[in-house]
Amino acid sequence: MLIIIHGWSDGSASFRSLARQLLSTESDPSSSRDIRHLRLADYISLDDEIGYEDLVQAMQKAWTKEELPTAPRSVDVVIHSTGGLVVRHWLTTYFKPEASPIKRLLMLAPANFGSPLAHTGRSMIGRAVKGWRGTRLFETGTRILKGLEIASPYTWELAERDIFSDQQYYGPGRILCTVLVGNTGYNGISALANRPGTDGTVRVSTANLNATKLELDFTRPETPVAITGRWDQGAIAFGIADQEDHSSIAAKDGGPHRKSTWLLIHQALQVEDSDFLEWQERLTEHNKEVTQKAERRRGAHHDSYQNTVIRVMDDQGNPVEDYVIEFYVNDDRGRRSRHRTRLLQENVVANVHAWCDNAAYRSFLVNSTELLKLLDRPTDKLNISITASPDIRNRPVGYKTYTDDDISSLSLDRDHIKDLFKPHRTTLITIKIERHQQEKVFLFKKLN
C-alpha cells in the first residue's frame, strides 16, 4: 500500500495527478499500487490554534480509524513539503525504529529544516493569499509556521529525535528514506517567492535530511576553539531533481517537467535493503552532475549552499539572543584579506535569519560555491568569532567577547572549510560562551 500525505495549506485534490501517474502501468508497469490519501491537514493546517502535536495525534487516530497497516515495514509513504515534519514527528512519537510501519519513505521537496517562506506566511501578504482557505478568516496556521520557519528549535529538536538519536530510524533494515528536491524557482508572478538555493519554497539544503551536528566551546579564551561532539548523519538517499520546482516535483502544475524525475520517483519506491547503499551512491553521482550543470547557469540562484544553523548558549544553559557572528579572512589585515572579508560578507553569507521567538537560533545561508573561490590560496584561512551582549564591562552580568583577549576564535584551513561547509546540506552548530558576574552582584560584608 502507498499513502500520500500533503503539507501546509494544501489538500488531497492537489495529489490526484501524482496518484494517477504512480498507478499508471504506462509510466511504470511494475508499480501498480493501492493508494489511499490520508486527509490529515486539509484546511486544518491553516488554523492558528493547531500545532504539530495536534496533527500527529490526529494522524494516529485517522490511521487507526482507516485500519491502515501497522505491522513493521508494511506500507510505503510519499510526503510533500511540511508533510515530512508531520510524518517524522508521528514516527518518533508512536513507534520505535524497529516497529515503524513504513518501509519506504519518499520525501518530495520536504521542509526538514524549514522554509525561508514560513515567516512570510504569517505576514499580511501570507494572510491575504492563504488566510481565506482556513477554518477561521485570515488565519494561516501560526503554530505550524513557527515550527516550519528556518532555524526553528522545533526542526532542531525533531532532528535530535530521529537522525541524531541512538535509535536509528533510517537505513537498510529500517525506513528506506529517499529525499528528492528541485533546484529551480517558480515562473510568473509566483517568482516573487524565489530565493537563492531554493525550489521556490524550500532550500535544497534544508530538504536534505543528511545533516551534521557539532559544538564549539568559546568559554576558554586561552585555548583555540575545537570542534567537538560531531555527529554526521548519512542514512538517507538524497537526490536533486534538475529543473523542477516545489510544485512540479509533486506532479502539480503540469509537472514533473523532466522524465528523469519520474524515473527517480519510481526507483525510490522500488528500492530494497540489498541495493539501498548503491542507490545512495547513484544519487550522489547524479547530484554532482546536476550541480555542475546548475552552477554554470546565470545568477546565484543555482549556486550550492549550506544551511548553517547556529544556536548560542551560555555556560549556565541560557540562550544568548543578542550576538554577532564574525566571519573574516586570515587576520583581516592587509588589503587582500580585508577585501576578501568584505566579499565574504557580501557574496558568501547570502542570508541570515533569526527565529522569530528566540534569536539565539539563527540560520546562515553560506554560498559554498563562492567560498572556495574566494579563499584561493593554500594558506588562506576562514576565521569565525562571536561578540555577544550584554558586555560585562558595562553591566552587572554579561559576556566578555569584545576583544581578542576576551574570547578565542575558530580558524579553518581549506581542508576544514571543505569539510565543514559542504553544499546542499544543513549543519547544526551549538556555540557555548561564558557568562560572568561582577563582584557587586553578591557581597559578604563584615559586621562593624
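**Figure 1. Leu2 of strand 1 has Asp76 as its bridge partner in strand 3.** This is a predicted model, as are all the views below. Strand 1 covers residues 2–5, and strand 3 covers residues 75–80. The two run parallel, with four bridges joining them. Strand 1 is covered on both faces: Leu2 and Ile4 are buried on one side, and Ile3 and Ile5 are buried on the other. As background, side chains in a regular strand alternate between the two faces of the sheet. Asp76 also turns up in a network of salt bridges, together with Lys103, Arg104 and Glu272.

**Figure 2. Strands 10, 13 and 15 make an open three-stranded sheet.** The order is 10-13-15, and the pairing is antiparallel. Strand 10 and strand 15 (410–412) are the edges, each pairing on one side only. From one strand to the next, the twist averages 20°. Seven bridges hook strand 10 up with strand 13 (residues 382–388); for one of the pairs, look at Tyr323, whose partner in strand 13 is Ala388. On the other side of the sheet order, strand 13 and strand 15 share three bridges, again antiparallel. Ile384 is handy for finding that pairing, with Leu410 as its bridge partner in strand 15.

**Figure 3. Helix 11 lies across strand 10 and strand 13.** The helix takes in residues 335–348 and runs at about 130° to strand 10. Strand 10 itself spans residues 323–329, and five of those seven residues are buried, so the strand is largely enclosed by the rest of the structure. Helix 11 also holds Arg336, which is tied to Asp376 by a salt bridge of 2.8 Å, N to O. Asp376 sits in the loop between helix 12 (368–374) and strand 13, so this pair, 40 residues apart, links distant parts of the chain. Asp376 has a relative accessible area of 46%, so it counts as partly exposed.

**Figure 4. A closer look at Val324 in strand 10.** How buried or exposed is Val324? With a relative accessible area of 47%, Val324 is partly exposed. Setting aside neighbours within four places in sequence, Val324 is in contact with Ser385, Ile386 and Thr387. Take Thr387: 63 residues separate it from Val324 in sequence, yet the C-alpha to C-alpha distance is 5.3 Å.

**Figure 5. Arg297 and Asp242 form a salt bridge between two loops.** Their closest N and O atoms are 2.9 Å apart. Arg297 belongs to the loop between helix 10 (276–295) and strand 9 (305–314), while Asp242 belongs to the loop between strand 8 (237–241) and helix 9 (259–268). With their positions 55 residues apart, the pair links distant parts of the chain. The two ends differ in cover: Asp242 is buried, at 7% relative accessible area, whereas Arg297 is partly exposed, at 25%.

**Figure 6. Arg282 and Glu278 meet in a salt bridge within helix 10.** The N to O distance is 4.0 Å. Both residues lie in helix 10, four residues apart, or about one turn of the helix. Arg282 is partly exposed, with a relative accessible area of 38%, and Glu278 is partly exposed too, at 45%. For the whole model, the salt bridge count comes to 23.

**Figure 7. Val441, Phe442 and Phe444 make a nonpolar surface patch.** The patch amounts to about 410 Å². Phe442 lies in the segment after strand 17 (435–437). Its relative accessibility is 61%, so Phe442 counts as exposed.

**Figure 8. The whole chain, for orientation.** How many helices and strands does the chain have? The secondary structure comes to 13 helices and 17 strands. The chain has 448 residues, of which 55% count as buried. Among contacts with a separation of 6 or more, 77% are between residues 24 or more positions apart. The accessible surface comes to about 20500 Å², with 49% of it belonging to carbon and sulfur atoms.

Notes: Residues numbered from 1 in each chain as written. Predicted model: local features only at pLDDT ≥ 70, side-chain atom pairs only at ≥ 80, totals over all residues. Heavy atoms only, no water. Patch = residues over 30% accessible without salt bridge, like charges linked within 9 Å, V, L, I, M, F, W, Y side chains within 5 Å. Areas by Shrake-Rupley, 256 points an atom, 1.4 Å probe, with all protein chains shown as cover. Salt bridge = Lys/Arg side-chain N within 4 Å of Asp/Glu carboxyl O. Buried < 20%, exposed > 50% of the residue type's maximum accessible area, 1.4 Å probe, protein only. Pairing = 2+ DSSP bridges. Axes fitted to C-alpha atoms, helices over the stretch in contact; angles between N-to-C directions. Contact = heavy atoms within 4.5 Å.
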